[in-house]
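Reader: I'm new to this one and would like to see how the labels are earned. Could you walk me through it?

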Amino acid sequence: MALELFAFALVGLAVGGAAVLALPALFPAPRPVTVLTGVCSALLTGSVGHAILGPGHQLATVPISAVGACLLISLLARPDQRSSPAHAAHAARHRRPHHA
């Protein structure tokens, strides 16, 4: 299990680092937050996968941790932060008003 946890942490580090390096405009949060989210989410989802599948399924739990890390890191993405001023003006015109 210790080797699996190390693999989960490496997967989370790779996913978080790749997200920050490949798409920096989508992640306005500080870089360590995104990378640590990747590591923690990979450890969490990998451990849950290990608990569900049982020992001896390393070839399944490591990809599970990668998918879980990708999904949880995607929650940090803010695509509306990188839009152009023209796009923001267009979106503001078509936004529904909030009623009290």
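Author: Happy to. Let's begin with the buried residues of α2: they are T34, V35, G38, V39, S41, A42, T45, G46, G49 and H50. Bear in mind that this is a predicted model.

Reader: What makes a residue of α2 count as buried?

Author: A residue is called buried because its relative accessible area is under 20%. The ten just listed carry that label, T34 and H50 among them. Their cover includes α1 (2–22) and α3. Across the protein chain, 28% of the 100 residues count as buried.

Reader: Then why is V48 called partly exposed?

Author: V48 lies in helix α2 too. Its relative accessible area is 41%. Buried needs under 20% and exposed needs over 50%, so 41% falls in between and V48 is partly exposed.

Reader: What makes V48 part of a nonpolar surface patch?

Author: A patch residue needs over 30% relative accessible area, and V48 has 41%, so V48 passes that cut-off. Val is also on the list of nonpolar side chains that can be joined within 5 Å. The patch is made by L44, V48, I52, L53, I64, L72 and L75, and comes to about 630 Å². α2 gives the most to the patch, with four residues, while α2 (31–53) and α3 (58–74) each supply at least two.

Reader: How do you know that the span of α2 is close to what is expected?

Author: α2 has 23 residues and reaches 33 Å from its first C-alpha to its last. The expected value at 1.5 Å a residue is 33 Å, and the two are close. Just after α2, G54 takes a positive phi of about 90°.

Reader: What makes V11, V15, A19, L26, F27, A42, A69, I73 and A77 a nonpolar core?

Author: A core is a set of buried nonpolar residues joined through side-chain atoms within 4.5 Å, and these nine form the largest such set. α1 and α3 each supply at least two of its residues, and the largest share, three residues, comes from α1. A42 is also one of the buried residues of α2. As for A77, it touches L26 and F27, leaving aside residues up to four places away in sequence.

Reader: And how do you know that the pattern of the protein chain is α-α-α-α?

Author: The secondary structure comes to four helices and zero strands, and reading along the sequence gives α-α-α-α. Among contacts with a separation of 6 or more, 70% are between residues 24 or more positions apart.

Methods:
Residues are numbered from 1 along each chain as its sequence is written. This is a predicted model: local features need pLDDT of at least 70, side-chain atom pairs count only at pLDDT 80 or more; totals for chains, interfaces and linings use all residues. Side-chain values use heavy atoms; hydrogens and water are left out. Buried means under 20% relative accessible area, exposed over 50%, partly exposed in between (1.4 Å probe, protein chains only). Contact means heavy atoms within 4.5 Å. Patches are made of residues with over 30% relative accessible area and no salt bridge: like charges are joined within 9 Å, nonpolar side chains (Val, Leu, Ile, Met, Phe, Trp, Tyr) within 5 Å. Accessible areas come from the Shrake-Rupley method with a 1.4 Å probe; for residues, only the protein chains shown count as cover. A salt bridge is a side-chain nitrogen of Lys or Arg within 4 Å of a carboxyl oxygen of Asp or Glu. The expected span of a helix is 1.5 Å times one less than its number of residues.
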